[in-house]
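Student: Let's look at how the parts of this model fit together. Please keep the answers short.

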Amino acid sequence: MSERDSRRSGSPEPVRTRLEALSQWQYDLVLIASVVLVTYTGFALIGLLGGVGINSIVGFLRTVTFYAAVYALVVLALNLHWGYTGLFNIGVAGFMAVGVYTMAFITASPDSTPAGLGLPIPIGIIGGMVAAGLVGLVAALPALRVRADYFAIVTLGLSEIIRLALLSGSLRTIEVGDRVYGTGGGSGIQYPPVDTIIPWLLDQPIISVIGDVLFEVGATVGIQRSVILGGLYTLVLLVFVGLFYLLLSRIGNSPYGRILKAIREDELAAKSLGKDTDRAKVTAFVVGCSLMGLAGMLWMGSRSFVSPDSFMPIIPFYIFVALIVGGAGSNTGSIIGGFAFAAFLWEGPRFVRSILNANLNLRSPPTIYDAFVELAAGDLTPLVGYLVGSLDELRFVLVGVVLILLMLWRPDGLLGHRKEIAAATDLSRRRPTTDRPTASDGGETDE
Amino acid sequence: MSDTDSGPASAERETDSSAIETSSEPTTEPGHRSLDDPILEVTDVLKRFGGITAVDGATFAIERGSITGLIGPNGAGKSTTFNCITGVYEPDEGSVVFDGIDITGRAPNQVATAGLVRTFQIAREFPEMTVLENMMLAPKNQLGESLWQSVAPGTRSAVVREEEHFRERAWEVLEFFEIDHLAEKYAGTLSGGQRKLLELARALLTEPELLLLDEPMAGVNPSLEKKLLEHIHELQDQGYTFLLVEHDMDVIMNHTEHVVVMHQGSVLAEGKPESVKTNEDVIEAYLGGEV
């Protein structure tokens, strides 16, 4: 594609031609893989130079991968709403909560309080997706009548209603017969964690061999069993990222995806061409919500209880930041945005802090004022110490700075400027019967 | 539907409007019932916004295969009538019958699916979609418009095959309008005139029977205007019917066969362009009675 060679013009000739020969999705795979690889090598080098053991480096990379995968999942789902259809859904957390709570209710043991149905995890996951989709349907039907900004308020309101309802005392316990059901209020519901599916899988015949080999190798290199189990669960998440990507790309590159895009651009014009935009909007919203529910369940994978505190209204804000960083409207951008958010804005700073704390004897002054007073006296370390010490709060500043810089230099996000044509076929290609050469006007596209 | 209960009122208004027409002799056929083969019949359409009656019993009909002009001073209710026909507004009273089917109060997409497609006064392209994507949206009842057909592994190949067919058609129409060199540009980067062409081209891909063009010549340079008119005539020869809202009197006088003049929400006069031109009521409405 024309845009690719303009971007790749710096690379050596053979690499360039080989990249050009790839189709869009192959190119994207290479892109994602190289971004991830470069980042991980960077982190690993920092870790090794900082004297961190291999077990903690691998553990850290697993955490990054885990959150990157979780973010990628939710961002991909949100991209269907916001990037494609222009549905400003800021109630993401609510739909995730519905998914997780439904699964918790289905899988929780009937003997615990609050009681569940005690059904297997896969049934719980399917139930959670259906429930999140249904709540999405309930939200979408009245919300179709309101304009985009009011739609945002409706979704945020719904999400808060869900959270407060889960928190409320009146739904805390509901006695049915001799069992006590309910939301558990602030203390939530206990249920078997989703990632217990990994040890279960490793107990199966044949697969258990793989497990034994992995643990063996881990033991020799110095990686603990729990890190390996966590890594395998993260691998499951990555498989889901792939599945989400496939599904959403297929949705996007189709006549249906074209309608969604047209709704984002100009709904009345789409209607005037005979498109049933209401139906398209509702189905897109329901599918997106159900995927958000699934992402929520996978996110909570290693936890054995769910409480309303996990679904604060700040969550959609993070998801939107990741989507904007990656570029709204691009599925590949969504994955890269989720990864960049998790790696650089969320987990990366913590890693750097732990290394700094381990190597330097940093003293953190109580306020930034004190730090500057000592800086004026010529001592830099108190300022560094202060910055490292208040890193958790400063991350939000970092997010803000990144957003501002992005708006200045790349207002469309990292990949939002790409032309991703909503079609099942290559539209520029015509049948050879016509005398016209395929239309490609060279580097007219972008940059 | 509201067309049944407005029976007596409609008769009343018809005599009303024919009274105007007979008093100002030049206009021809009174009412629309004399048309041989009307494709669109608008009867006593009334639309109020709060206390304002924007369209006050508009009645007219369009002959199949013709180019009809809808004119009138600003605020005459042309655009509101347009919106009532195409389903953007639901008329408070009256009926709209298209091709023998009552489409009063149907949603815009249902009206368009019935074969009555409009363009807008200010072109409404999809700016961040390429010209080709804009075009490919248009074909009616595409298999892949259903989410499941597009996603499910078994049905996807049929969607792809159908899209290849529509793609061919889209290129043909782009070539017809001589904008195929813009096919891969974002529609938002096109000039105003090119957007008008794109909108018309896009509307054609829906395979409509009647095209309602809202000021197709506004903001279009003279050479492009000439081209656009040629296209419209060519399409008329192919069997399409047109209703134009237009302010440019030259266009109306030289390129339409029938003119409907609206004034203060109702039809003031109807007839051939020449006869409308000399109608005193029309002159008065346009020029405030000074000529």
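Student: Which domains does the domain assignment of chain B give?
Tutor: The model is predicted: local features need pLDDT of at least 70, side-chain atom pairs count only at pLDDT 80 or more, and totals for chains, interfaces and linings use all residues. Residues are numbered from 1 along each chain as its sequence is written, with chains lettered from A and ligands numbered from 1 in the order in which they are written. The bounds come from an automatic or database domain assignment. For chain B they are domain 1 (2–124 + 206–287) and domain 2 (126–189).

Student: How many residues does each of these domains of chain B give to their contact?
Tutor: Two residues are in contact if their C-beta atoms, placed from the backbone, lie within 7 Å. On that basis, domain 1 of chain B gives four residues and domain 2 of chain B gives four residues.

Student: Which element gives the largest share of the side of chain B that touches chain A?
Tutor: The contact takes 38 residues from chain B and 36 residues from chain A. Helices are DSSP runs (H or I, at least four residues), numbered from the N terminus. Seven residues come from the top contributor, α7(B).

Student: Where does the largest nonpolar core lie relative to the two domains of chain B?
Tutor: A nonpolar core is a set of buried Ala, Val, Leu, Ile, Met, Phe, Trp, Tyr and Cys residues joined through C-beta atoms within 7 Å. Buried means 20 or more other C-beta atoms within 10 Å of a residue's own, placed from the backbone. The largest core has 194 residues, and helix α4 (residues 54–84) of chain A gives the largest share, 21 residues. Domain 1 and domain 2 of chain B both give residues to this core, so it lies between them.

Terms used
Helix = DSSP H or I, 4+ residues; strand = E, 2+ residues; numbered from the N terminus. Buried ≥ 20, exposed ≤ 12 C-beta atoms within 10 Å, placed from the backbone.
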